[in-house]
Amino acid sequence: MSAYTALTAAGYRAQVRDRTTLFFTFAFPLLFLVVFGLIFRGQDVEQSGLSYISYTAAGVLSWGVANAAVFGIAFTLMQWRTDDILRLIRMSPAPLSAVIGSRYALALVVGLVQSLLFVGVAMLPLFGLEPASGWPLLIPVMTLGITTFLLLGVIIGSFANTPESVAAVANFLMLPMAFLSGSFFPMDAMPSWLQKVSLVMPLRYLNDAVSHALTGRGDSSDVVIGCAGLAVFALVLGAVAIRTFRWTKAS
Amino acid sequence: MRATPPEGTTPSAAVQVMGVSKRYGDRQAVDDVSLEIRRGEFFGLLGPNGAGKSTLVEIMEGLRRADSGSVALFGESPWPRNTTLLPRLGVQTQSSAFFVRQTAHEHLRTVAALFGASRTAVDATLDSVGLTEHRDIQVESLSGGQRQRLAIASALVHGPELIFLDEPTAALDPQARRALWEVLRGLKAEGRTIVYTTHHLDEAEALCDRIAIIVDGSIAVTDSPHNLVDASEAPSRLMLPLGRLDEQQAAAIPGVDRVTVQGGSLVLETRTSGRVLSAVDRLTGLDGVQTRSASLEDVYLDLTARLARARQTPGGHAETTEQQA
């Protein structure tokens with residue numbers, strides 16, 4: 001058994017045995033779907049003429065998937081370093097790519113299950129989401145999105161030394177992004193300078209691409225630009241992640 | 001500092017530390033330490049807390065970089081991370097270093113896979129530390145001693161040639177401690193090299209071929225426990241049942257340095273036990289008299305205390321550094 005396979009298997013077992021975290025990982029985006037869905041039920045978003053659900057579903061889904069990717073690996077790396085598990089791996093010949101790769105595989109599975117569950121619930125008559133014909137594009141879009149946000153999580157997990165600091169830093173980055181890049185709140189309703197600010201946020205690109213793929217908003221260039229933006233962020237964050245990674249607390 | 005072993009290197013050296021220093025801020029944690037550990041040797045590292053043992057061991061393991069000097073393990077530098085060398089090393093981690101929510105067997109299986117070790121090695125190693133019956137218990141539910149044994153198993157599962165153990169018996173009960181001694185003696189018999197950090201002097205005496213005592217970042221002495229005890233000036237103790245002699249009489253015996261009452265015995269400390277014994281024999285007979293020769297613990301306490309005093313006196317030099325091997 002390779003180091004990658006073994007770490008993935010151990011990570012999978014750890015994840016399914018922690019029922020509480022598992023439940024809330026999947027319930028969290030649904031909670032927002034229900035809350036926003038109930039508040040804005042039947043309303044149309046001004047200008048676009050689309051139902052609010054088609055606006056909010058894509059945004060909440062992309063935020064939920066990104067959030068799980070960031071928090072999952074940031075907590076794991078911080079905890080593994082604190083518990084000296086990274087030290088143990090550091091003293092074995094296993095490559096860093098096996099460590100990150102195993103977490104990546106798990107994050108992709110979490111993202112897939114989140115998406116299926118979320119879209120499934122959003123399609124219930126209460127919410128009435130009708131997926132656009134381009135929905136299979138969600139697969140490459142979500143994969144790129146998870147890659148980008150996982151790498152952001154690697155950086156946070158390398159800097160933070162306590163669970164509190166992981167939560168603080170990750171929330172500090174993810175919550176404003178949720179509001180400013182159109183996840184919770186339609187971009188059209190924001191002043192134009194804020195819309196420009198959102199261009200430096202990776203979530204903006206994920207949102208735009210998911211919006212078109214899932215609900216048909218915008219056009220296919222949104223998917224192309226979204227993927228390109230995510231790829232650029234992934235490269236930059238990946239380069240930073242490699243430089244900042246720490247096996248042990250001090251060296 | 002990639003390794004090319006300097007000339008005169010004996011091929012039998014498992015560990016070579018050459019002039020290693022490490023400073024943290026204004027504290028010199030390791031101060032120009034040199035030592036050599038032969039293949040197959042059981043080597044003890046002793047010293048007070050904060051003496052620099054852990055830093056030195058982490059530099060040997062390649063986890064920390066030395067400010068100056070070099071380390072070679074089997075002739076290769078462990079720093080930076082040397083993945084060809086790592087499979088030959090086994091490093092005991094602290095006993096919280098377990099993959100979460102795994103059983104003991106699952107954890108060890110994962111560690112084995114990191115090294116590419118086989119499944120049969122997992123079962124055998126678990127058995128050697130006496131955890132076979134706990135194999136399906138989650139690591140979080142293991143007792144302190146069981147966790148410690150699992151941490152040791154994690155260092156051994158891939159059959160390393162050079163094993164670093166850090167206080168491996170700290171949380172073990174006396175039975176488990178003795179059982180572990182047997183495991184360690186078995187490893188030594190197989191020709192493996194063991195670097196052993198401990199505070200248990202009896203353990204160092206029972207297991208180690210040689211020990212180094214580290215005080216204030218430098219090696220105060222390196223020798224076999226036997227030679228250290230032999231060469232020491234630490235006193236032996238004669239214990240007499242109470243009531244046989246009074247304290248004044250005992251103190252008057254030539255060669256007696258100190259008289260105390262401990263645990264129901266009159267304890268006579270002496271550095272010339274033969275002479276004192278025959279004097280006691282003349283006075284009261286030797287029935288019920290026990291003798292305790294100096295142990296490594298006495299030597300250790302004596303030495304570290306003298307070194308601490310020597311360092312407080314300006315210009316004072318520890319005479320024991322001459323013994324350095």
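**Domains, helix packing and the A–B contact**

The C-alpha centres of domain 1 and domain 2 of chain B sit 42 Å apart. In this predicted model, the first of these domains covers residues 13-229 of chain B, and domain 2 takes in residues 235-292.

Now for the place where the two chains touch. Chain A puts 23 residues into the contact and chain B puts in 26 residues. On the chain A side, helix 1 (3-17) and helix 4 (85-90) each bring at least two residues. Helix 1 of chain A is the top contributor to that side, with seven residues. By character, the chain A side splits into twelve nonpolar, four polar and seven charged residues.

Helix 1 of chain A also pairs up with a helix from the other chain. Its axis and that of helix 2 of chain B come within 8 Å, crossing at roughly 155°. An angle over 145 degrees counts as roughly antiparallel, so helix 1 of chain A and helix 2 of chain B are roughly antiparallel to each other. The crossing of these two helices is left-handed. On the chain A side of this pairing are A:A3, A:A6, A:L7, A:A10 and A:R13, which meet B:E106, B:R109, B:T110, B:A113 and B:L114 of helix 2 of chain B. Taken together, the residues of this helix pair come out as six nonpolar, one polar and three charged.

Helix 2 of chain B (residues 104-115) has a partner within its own chain as well: its axis and that of helix 3 of chain B (residues 119-128) come within 9 Å and cross at roughly 125°. Helix 2 and helix 3 of chain B are therefore oblique to each other, and their crossing is right-handed. From helix 2 of chain B, the contact draws on B:A104, B:H105, B:L108, B:R109 and B:A112, while helix 3 of chain B offers B:A121, B:V122, B:T125 and B:L126. Those residues divide into six nonpolar, two polar and one charged. B:R109 turns up here in the contact with helix 3 of chain B and also in the contact with helix 1 of chain A.

Back in chain A, an unreviewed UniProt entry places "transmembrane region" features at residues 21-40, 52-80, 101-125, 137-159, 166-185 and 223-242. Two of these spans can be described a bit further. Residues 101-125 of chain A are 88% helix and 0% strand, with 39 Å between the end C-alpha atoms. For residues 137-159 of chain A the figures are 96% helix and 0% strand, with the end C-alpha atoms 34 Å apart.

Helix 6 of chain A (residues 138-159) packs against helix 9 of chain A (residues 202-215) at an angle of about 165°, their axes being 10 Å apart. That makes helix 6 of chain A roughly antiparallel to helix 9 of chain A, and the crossing is left-handed. Here A:L138, A:V141, A:G145, A:T148 and A:F149 of helix 6 meet A:P202, A:L206, A:A209, A:V210, A:A213 and A:L214 of helix 9. No charged residues take part in this contact, which consists of nine nonpolar and two polar ones.

Finally, two backbone details in chain B deserve a mention. The peptide bond from B:W79 to B:P80 is cis, with omega near -10°; B:P80 falls in the loop between strand 4 (68-73) and strand 5 (89-91) of chain B. B:D32, which is not a glycine, has a positive phi, near 50°, and this residue belongs to strand 2 (residues 27-38) of chain B.

Methods
Residues are numbered from 1 along each chain as its sequence is written. Chains are lettered from A and ligands numbered from 1 in the order in which they are written. This is a predicted model: local features need pLDDT of at least 70, side-chain atom pairs count only at pLDDT 80 or more; totals for chains, interfaces and linings use all residues. Two residues are in contact if their C-beta atoms, placed from the backbone, lie within 7 Å. Helices (H or I, at least four residues) and strands (E, at least two) are DSSP runs, numbered from the N terminus. Ala, Val, Leu, Ile, Met, Phe, Trp, Tyr, Cys and Pro count as nonpolar, Asp, Glu, Lys and Arg as charged, and the others, Gly among them, as polar. Domain bounds come from an automatic or database domain assignment. Axes are lines fitted to C-alpha atoms, for helices over the stretch in contact, and angles run from 0 to 180 degrees between N-to-C directions. Angles under 35 degrees count as roughly parallel, over 145 as roughly antiparallel, 65 to 115 as roughly perpendicular and the rest as oblique. A crossing is left-handed if the near helix is turned anticlockwise from the far one by less than a right angle, and right-handed if clockwise. UniProt positions are given in the numbering used here, feature names are shortened, and annotations may be inferred rather than shown by experiment.
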